Amino acid sequence: VVRILNKAKQNLTMYSVKLFRVGTVSIHINKLESPRNGGSFIQQDGRKVAVNAVIDLDKDRYQGFWISIKNDVEISIGRIGDKLIDSVANFTDVLREGPAEPYYFGLTTPA
């Protein structure tokens with residue numbers, strides 16, 4: 001999972017790009033919200049787009065990917081060697097739900 005944060009490195013709202021071994025690519029908006037009665041934050045995960053059978057993840061072969069963010073709201077992911085116009089998944093955050101000024105990225109793996 002690639003997490004995309006704002007310039008202040010805040011993780012209250014972030015974009016997440018997920019790659020699955022079955023070939024699916026999905027783009028999500030994740031938000032950390034505090035419960036009304038206090039306590040620890042609750043993560044809300046909103047899938048915005050998912051495309052099936054577009055990648056081939058093989059543990060014996062390296063495959064690179066690129067992620068592009070244009071105008072702070074257009075997110076694209078594609079394979080290394082493909083042009084920006086040949087992306088495998090795209091999302092435009094017209095409601096501006098994601099982080100303002102997305103800039104930094106981090107990688108996470110399942111527990």
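In this predicted model, glutamate 74 has a bridge partner in β7, namely threonine 92. That pair belongs to the contact between β6 and β7, two antiparallel strands joined by 4 bridges. On the β5 side, strand β6 (residues 74-79) is joined to strand β5 (residues 65-70) by 6 bridges, and here too the strands run antiparallel. Within this pairing, phenylalanine 65 stands opposite arginine 79 in β6. The hairpin of β5 and β6 leaves 3 residues between the strands, and asparagine 71 takes a positive phi near 55° there.

Taken together, these strands make an open sheet of 3 strands, ordered β5-β6-β7, with antiparallel pairing. Why do β5 and β7 each have one side without a neighbour in the sheet? Both stand at the edges and have a single partner strand each, so one side of β5 and one side of β7 (89-92) is left without a neighbour. From one strand to the next, the twist in this sheet averages 10°. As a helpful reminder, strands of a sheet pair through backbone hydrogen bonds, in either a parallel or an antiparallel way.

Another open sheet contains 5 strands in the order β4-β3-β2-β1-β8, again with antiparallel pairing. Its edge strands are β4 (42-51) and β8 (102-107), each of which pairs on one side only. The twist here averages 25° from one strand to the next. Inside this order, strand β2 (residues 13-19) runs antiparallel to strand β3 (residues 25-33), and 7 bridges join the two. One residue to look for in the structure is serine 16, whose bridge partner in β3 is histidine 28.

Technical notes:
Residues numbered from 1 in each chain as written. Predicted model: local features only at pLDDT ≥ 70, side-chain atom pairs only at ≥ 80, totals over all residues. Heavy atoms only, no water. Pairing = 2+ DSSP bridges. Axes fitted to C-alpha atoms, helices over the stretch in contact; angles between N-to-C directions.
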